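Here is a short note for a colleague who has not yet looked at this model. The points below can be read in order, with the structure open alongside.

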Amino acid sequence: MGYNAKVTSKGQITLPAEMRRSLNLQEGDRITFAKGEDGRFYVEAKTDSLGALRGIVKAAKVKPGDIESWIEEARGRGAGRLGARKAARKSR
């Protein structure tokens, strides 16, 4: 199935409603036009807005201090990986 759009004098197009629904596009979302090896252009939706993530994860019960402890835990894991990489480079 194909869709038609008219190009304005400013080079803008309006995507048909059915196409927007199929791509799950909302106001403010971005799309990418990519040229394939066959010379055709493809459209990819870039819906990485925070609004698109709403409702994906159930609300967590966070207690005071939880976030700080998670940050410290993540920093500790990162430092361990960084230290292992430095040690591997030195042993070469």
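A salt bridge here is a side-chain nitrogen of Lys or Arg within 4 Å of a carboxyl oxygen of Asp or Glu. Keep in mind that the model is predicted.

1. Salt bridges, the count. By that rule there are three salt bridges. They are taken one by one in the next points.

2. Lysine 46 and glutamate 44. These two form a salt bridge, with the closest N and O atoms 3.5 Å apart. Lysine 46 has a relative accessible area of 35%, so this residue is partly exposed. Glutamate 44 is also partly exposed, because its value is 43%.

3. Arginine 40 and aspartate 38. Their side chains meet in a salt bridge, at 4.0 Å from N to O. Arginine 40 counts as exposed because its relative accessibility is 57%. Aspartate 38 reaches 49%, so aspartate 38 is partly exposed. The cut-off for exposed is over 50%.

4. Glutamate 72 and arginine 75. This pair sits in helix H3, which covers residues 66-90. The two are three residues apart, about one turn of the helix. Their side chains meet in a salt bridge, 3.2 Å from N to O. Arginine 75 has a relative accessible area of 55%, so arginine 75 is exposed.

5. A charge without a salt bridge. Which side chain of opposite charge is nearest to aspartate 29? The nearest is arginine 30, and the distance is 8.9 Å. Aspartate 29 is buried and has no salt bridge. Aspartate 29 lies in the loop between helix H1 (17-22) and strand S1 (30-35). A polar atom of the aspartate 29 side chain does lie 2.7 Å from the backbone nitrogen of glutamine 26.

6. Asparagine 24. This residue is also in the loop between H1 and S1. Its phi is positive, near 55°. Most residues other than glycine have a negative phi. Is asparagine 24 buried or exposed? Asparagine 24 counts as exposed, because its relative accessibility is 51%.

7. The hairpin. S1 pairs with strand S2 (residues 41-46) in the antiparallel sense, over six bridges. Five residues lie between the strands of this hairpin. Glycine 39 in the hairpin takes a positive phi near 90°. Lysine 35 has phenylalanine 41 as its bridge partner in S2. Phenylalanine 33 stands opposite valine 43, again in S2.

8. A nonpolar surface patch. Which residues form the nonpolar patch on the surface? They are Val7, Ile13, Phe33, Phe41 and Val43. Together they have about 470 Å² of accessible area. Phe33 and Val43 are thus named twice in this note: they face each other across the strands, and they belong to the patch. Isoleucine 13 comes from the segment before H1. Isoleucine 13 counts as partly exposed because its relative accessibility is 39%.

9. Helix H1 and its distance to alanine 45. Arginine 20 is found in helix H1. Arginine 20 has a relative accessible area of 34%, so this residue is partly exposed. Arginine 20 and alanine 45 are 25 residues apart in sequence. In space, they are 9.2 Å apart, C-alpha to C-alpha.

Terms used
Residues numbered from 1 in each chain as written. Predicted model: local features only at pLDDT ≥ 70, side-chain atom pairs only at ≥ 80, totals over all residues. Heavy atoms only, no water. Helix = DSSP H or I, 4+ residues; strand = E, 2+ residues; numbered from the N terminus. Buried < 20%, exposed > 50% of the residue type's maximum accessible area, 1.4 Å probe, protein only. Lys, Arg positive; Asp, Glu negative; His and termini not counted. Polar contact = N/O pair within 3.5 Å; in protein donor to acceptor, adjacent residues only side chain to side chain. Patch = residues over 30% accessible without salt bridge, like charges linked within 9 Å, V, L, I, M, F, W, Y side chains within 5 Å. Areas by Shrake-Rupley, 256 points an atom, 1.4 Å probe, with all protein chains shown as cover. Pairing = 2+ DSSP bridges.
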